[in-house]
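Visitor: Please take me slowly through one spot inside this protein, and then show me how the rest of the chain is arranged around such places.

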Amino acid sequence: MKKEKLILAAVSLFLVMVSLVGMSAAIGAVQNETSVEKTAKESVRGKVDAITKKTFQVFISGLDTYGEKGRSYRSELNLLVTVNPSEKKLLITGIPRDLYVSFPVTSSNEEKQKTKFSHLSLYGTKSLIQGAEELLDTKIDYYIQLDMSGFQKLVDAIGGVDVIADRSFKTDWKTSFQKGINHVNGKEALTFVRERHHFPRGTEQRNKNHQQMLKAILKQVMKKNLLEMDINALYKLCKKNVRTDMKAGEILSLMHWQKEKKVEWEMETASIKGKFALETIAECPDAKLYVEKVDQKSLDQVSKKIRKMLNS
């Protein structure tokens, strides 16, 4: 199964978290409130949390699984979102899944072997986050992990999206899209963001489509009343398909602030580039596999952007 569909799942979910205003309150009106929801609402009624006043970073990880539990999985989607509330800006940094990296300093792997970045999660979420911190020389405040089912559920829960295609194309899954606006459900959205074989420059065009889908989801969330969405589906999505160390009160404070200030986020993207090569990795020491060796120039440029966002 191809993993491209993860690229929008994680980012979209995070933006839904910071854009959906009063989700917990609406859920409480539909079903019995949990103690967590009550606590979160109390936080919103009180003093606005510091999360709305300082720049923070969230690492978003899309796991190679459909919700099965009991073991570790590869992190096929890896994004660092730098959020600057005072400037109303988001910087979304992409880390290639096949980037050739060393195990983090605190890893139990004493030989300091190298592996693909996506494999760090096989040694636990802590290893993955530390690997990202060392790679980018930065501090990560929170993480969000979700599985591969999240994207389709998200698009369906918000009533589908109007996504813009900059060209007409067909997909490997027998769907087709016309140049211009296309209204898509969750299943169709998956094919839109996964397709690459029908493009002259497959990866480049696929990345553009990811950005268009992200914009479409954000616009849909911002323009619709919460009660027009499938509240129960969103609630189940967050409970079943998502893991995070963000506190409910922090998320609700951010949502409340979003509503009060009517924030329109300015979004910028950055990506670490790599050059394909054949190398051995810790998990397969007897064979050479394709990896992406870090392009140091692009890494320096990305790190500079992150520092600028954090210090602005």
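Guide: Let us begin at Val161, which, once its neighbours within four places in sequence are left aside, is in contact with Val155, Asn182, His183, Val184, Met213, Ala216, Ile217 and Gln220, where contact means heavy atoms within 4.5 Å. What you see is a predicted model, in which local features need pLDDT of at least 70 and side-chain atom pairs count only at pLDDT 80 or more, while totals for chains, interfaces and linings use all residues. Residues are numbered from 1 along each chain as its sequence is written, and side-chain values use heavy atoms, with hydrogens and water left out.

Val161 belongs to the largest nonpolar core, which has 23 residues; Phe151, Ile158, Val161, Val184, Phe192, Met213 and Ile217 are the members that touch the most others. Such a core is a set of buried Ala, Val, Leu, Ile, Met, Phe, Trp, Tyr and Cys residues joined through side-chain atoms within 4.5 Å; buried means under 20% relative accessible area, exposed means over 50%, and partly exposed lies in between, using a 1.4 Å probe and protein chains only. Two or more residues of this core come from each of α5 (150-157), β7 (161-165), α6 (186-194), α7 (202-223) and α8 (231-240). These labels are DSSP runs numbered from the N terminus, with helices (H or I) of at least four residues and strands (E) of at least two. A second core, separate from this one, has 22 residues, including Leu299, Val302, Ile306 and Met309.

Helix α10 also holds Ser298, which counts as buried because its relative accessible area is 5%. Apart from residues up to four places away in sequence, Ser298 touches Ser271, Ile272 and Lys273.

Turning to charged side chains, a search of the whole structure finds four salt bridges, each being a side-chain nitrogen of Lys or Arg within 4 Å of a carboxyl oxygen of Asp or Glu. Side chains of opposite charge can pair when their charged atoms come close. One of these bridges joins Lys305 and Glu268, at 3.4 Å from N to O. Because Lys305 lies in helix α10 (residues 296-311) and Glu268 in strand β12 (residues 266-271), this pair ties together parts that are 37 residues apart in sequence. Lys305 is partly exposed at 35% relative accessibility, and Glu268 is partly exposed at 37%.

Another bridge brings together Lys293 and Glu279, 2.8 Å from N to O; it links strand β14 (residues 284-294), where Lys293 lies, with strand β13 (residues 274-281), where Glu279 lies, the two residues being 14 apart. Elsewhere, Arg97 and Asp98 meet in a salt bridge of 2.7 Å, N to O, and together with Lys116 they are linked in a network of salt bridges. Arg97 counts as partly exposed, at 26% relative accessibility, whereas Asp98, at 12%, counts as buried.

Strand β13 also contains Phe276, which is exposed, with a relative accessible area of 59%. Phe276, Leu278 and Tyr290 form a nonpolar patch on the surface, sharing about 370 Å² of accessible area.

Next comes the backbone: most residues other than glycine have a negative phi. Asp137, however, has a positive phi near 55°; this residue sits in the loop between α4 (125-136) and β6 (142-146) and is exposed at 63% relative accessible area. Lys174 likewise has a positive phi, about 65°, although it is not a glycine, and its place is in the loop between β8 (169-170) and β9 (176-177).

Finally, consider pLDDT, the predictor's confidence in each residue, from 0 to 100. The chain has a mean of 77, with 75% of its residues reaching 70 or more; among its elements, helix α2 (residues 23-30) has the lowest mean, 39, and strand β10 (residues 180-184) the highest, 97. Residues 1-9 have pLDDT below 50, and the model gives this stretch 39 contacts beyond near neighbours in sequence. Where pLDDT is low, the predicted coordinates should not be read in detail.

Definitions and conventions
Patches are made of residues with over 30% relative accessible area and no salt bridge: like charges are joined within 9 Å, nonpolar side chains (Val, Leu, Ile, Met, Phe, Trp, Tyr) within 5 Å. Accessible areas come from the Shrake-Rupley method with a 1.4 Å probe; for residues, only the protein chains shown count as cover.
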